Amino acid sequence: MDFTVKHSLPGRIRIRYDKSKISSRQAALAYSLLSVQDGMIQVSVNYTTGSFLIYYDVKKLNEKHIKAYFLALGDKYLNNKELLEDVEEPEEKASLLFELAAMTVMHYVKLILPVHVRLFLRLFTLSPRILKGLAQIGKGSLFKSEVLDAAAISMALLTGDTKTASNINFLLNVGDTIEEFTKKKSYSDLADKLLSQNDQVQKVDGDIEKTVSLHMIRKGDVVAVRTGDVIPVDGAVLRGEGLVNQASITGEPLAVEKRQGKSVFAGTLVQEGELFVEVRAVGSQTKVQNILTMIDNSQQLKVSSQVRSEKLADTLVKYNFLLSLMVFLFTGDLKKVMATLMVDYSCAMKLASPIAVLSAMKEAAEKGIIVKGGRYLEEVSKADTVIFDKTGTLTEATPQLSRIIAFAGRDEKDVLALAACIEEHFAHLIASSIVKAAAERGILHPEKHSKVEYIVAHGIATKLNGKKLVIGSRHFVFEDEKVNMPEDLEKIQKEAIENGESLLYLAEEKEVVGIFAVNDPVRKNAPQVIKKLHKSGVKNCVMITGDDEGAARKAAEVTKIDKYFSRALPEDKFNYIEEQKEKGHTVIMIGDGINDAPALAAADAGIAMGDCADITAETADIVLFSEDGLEGLYKTRVLGRRLIQKIDMDNRGIVAVNSAFMMLGLLGLISPSLAAVMHNTSTIAFCINAMQPVLDE
């Protein structure tokens, strides 16, 4: 592939390709192939300019590696019909500059046409705006900006000044085009941030499994999903078994067992197990549609400042008409009347506010915070009560092995080696803590055991040297597998409860050989975040957890939380939130699991910790995918406050600036056309200001 490096910095490179030699479909294929390479953080392609912008991990890649990838993109890949069929023909985005240039040419080319033709074209181009105004009047909406525009143009026509009417209409069309472009850009930017550029899936071809970009998956393909994976497609299970949490689709609070022949849906979560799924519908399209729907809904969830500005804008329109009437009665100067009609508050207020909200949502997304509506930013900004779940919210949700209790004459290294040998085959968190502990201690573990049998939601069984090994929960080991209980089991379990630990049991031939105590450490930044929340005006930080008293007390002591409740059921969280709301408190609930769903729904703003369980993203109002975890909660609060301040400040500016334009028109210092130019320019300026970030870097 022929290319040139246009710009390069560590971690960022822009590469230009020859559009005459590389089609947009080939560029889309190159994008797909580059996106899945190890070390790529984000890849984007501009088909209009013919360039790739690549962000990469400097620990894994450098400029030479990126060049090598492009050099490898030869005919073998870019002219491969099968690969090309797997990518869709990209649509080139319309150019604002081209659209404005075309409008300008069409407007001024009329000047060289015969008078009667020019007059007909002017009337033809003016009629849509006049009809819009009449349509609003027909609906009984007299005080709308469309009526103001129609009145100004109609007045110019009635006085025989078709040139002024045409100029006003042209300037209004230019303003509308730029405003629509600005709004679409805000919408598009937000969608781009919410859509992962590099979503990858495990595609299965026979016995070979390879990582590919999600949008290369087609109907009939087979994908593999395992514990902790979000299912990327709609399809049917070919083989394997697992527990799938599908609350995002069906609302069921409990995970459902899936086996061969069962249907699964995009966006649901494999809680445990392994599934091989035949694709029926492509998940990437489902995801795109979900995100676009979310953005549409978000514009309905308006902040109170936005609602106030829209009501104010409609109220002020009547005063525009009243002022114009007074100007006509006292001066009889129709040009002054038209100049005052050309300036209104409605356009800027009704456009700048939603753009500010969309831009704030985009800014949040850039920081790993997904917000589903401006109203939720406002609720977080004014909340005085924050309810925390413990596990995965205040804690890391990365269990650590805290101690080992060996039995039957075994030493700790021996039982840890056995446990790691079994657990390394599975990706759940407790298993990972065992394997990690063995690696940290330099313990090698044997692999000479028979096939590992994974019993979903219970434990693992296998054979080593002819002896049966089982590892898992108390229920699995002692009740299902009938392993003999050690004499001091109750004492060990009591100590674990006091220390806030979970226990994992390893048995060989019906005898316990080791017990592993695992704890879940508090997030390092949790105490600092709670301190910041208190300083920002939060009165009550409360932890409600289903964990035992010991684990809850220890987490509360470390985080310096105001109050905590242990051994709580999901309905307890829900009831507590309802009680606080009845007392007049604005409540945030932040959790990580599906058992938090009722509480997330009950709160004024429900927030999910995205790094713990993706499925909560479907039920929460805000999702914190950011790497710094809880810090995202405080950032969201600051963002919400500054958004409200920006909207209120813009509204005051819009009233002041447009009032000044009205006075200039009233004094005859500006013409109707100049009034339209100044009004449109100020509206665009306020929209551009609304798009600016509000969080300090």
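This passage describes a predicted model of one protein chain, moving from its overall make-up to its cores, a small set of strands and a few individual residues.

The chain is built from 25 helices and 24 strands. Of its 697 residues, 49% are buried. The accessible surface amounts to about 33,100 Å², and carbon and sulfur atoms account for 55% of that area. Contacts across the sequence are well represented: among those with a separation of 6 or more, 67% link residues 24 or more positions apart.

The interior is a good place to begin. In soluble globular proteins, nonpolar side chains tend to be buried together. Here, the largest nonpolar core holds 53 residues, and the members that touch the most others are Phe388, Ile590 and Leu633. Helix H13 (residues 346–366) supplies the largest share of this core, with ten residues. Apart from this core lies another one of 29 residues, which includes Met40, Val45, Phe52 and Leu83. A look at Leu633 shows how the larger assembly is joined: once neighbours within four places in sequence are set aside, Leu633 is in contact with Val380, Val386, Phe388, Leu533, Ile588, Ile590, Ile607 and Leu624. Two of these partners, Phe388 and Ile590, are themselves named with Leu633 as touching the most other core members.

Strand S4 (residues 51–56) offers a view of the sheet structure. Five of the six residues in S4 are buried, so this strand is largely enclosed by the rest of the structure. Strand S2 (residues 12–17) runs antiparallel to S4 and is joined to it by five bridges; within this pairing, Arg14 stands opposite Leu53. Strand S3 (residues 40–46) is also antiparallel to S4, with six bridges between the two. Here Met40 has Tyr56 of S4 as its bridge partner. S3 and S4 form a hairpin with four residues between the strands, and Gly50 in this hairpin adopts a positive phi near 70 degrees. Met40 thus appears in two settings, as a member of the 29-residue core and as a bridge partner of Tyr56.

Further along the chain, Gln400 belongs to strand S14 (residues 400–406). Its relative accessible area is 41%, and Gln400 is therefore classed as partly exposed, the range between 20% and 50%. The C-alpha atoms of Gln400 and Ser433 are 5.2 Å apart, although 33 residues separate the two along the chain. Ser433 is also one of the contacts of Gln400 beyond four places in sequence, together with Ala517, Val518, Asn519 and Pro521.

Two helices show contrasting surroundings. In helix H25 (residues 672–690) sits Ser682, which is buried because its relative accessible area is 7%, under the 20% cut-off. Beyond residues up to four places away, Ser682 touches Val657, Asn658 and Phe661. Leu329, by contrast, lies in helix H11 (residues 304–331) and counts as exposed because its relative accessibility reaches 61%, over the 50% cut-off. Leu329 is part of a nonpolar surface patch of about 780 Å², to which Tyr319, Leu322, Leu325, Met326, Phe328 and Phe330 also contribute.

How values were computed: Residues numbered from 1 in each chain as written. Predicted model: local features only at pLDDT ≥ 70, side-chain atom pairs only at ≥ 80, totals over all residues. Heavy atoms only, no water. Patch = residues over 30% accessible without salt bridge, like charges linked within 9 Å, V, L, I, M, F, W, Y side chains within 5 Å. Areas by Shrake-Rupley, 256 points an atom, 1.4 Å probe, with all protein chains shown as cover. Salt bridge = Lys/Arg side-chain N within 4 Å of Asp/Glu carboxyl O. Buried < 20%, exposed > 50% of the residue type's maximum accessible area, 1.4 Å probe, protein only. Contact = heavy atoms within 4.5 Å. Core = buried A, V, L, I, M, F, W, Y, C linked by side-chain atoms within 4.5 Å. Pairing = 2+ DSSP bridges.
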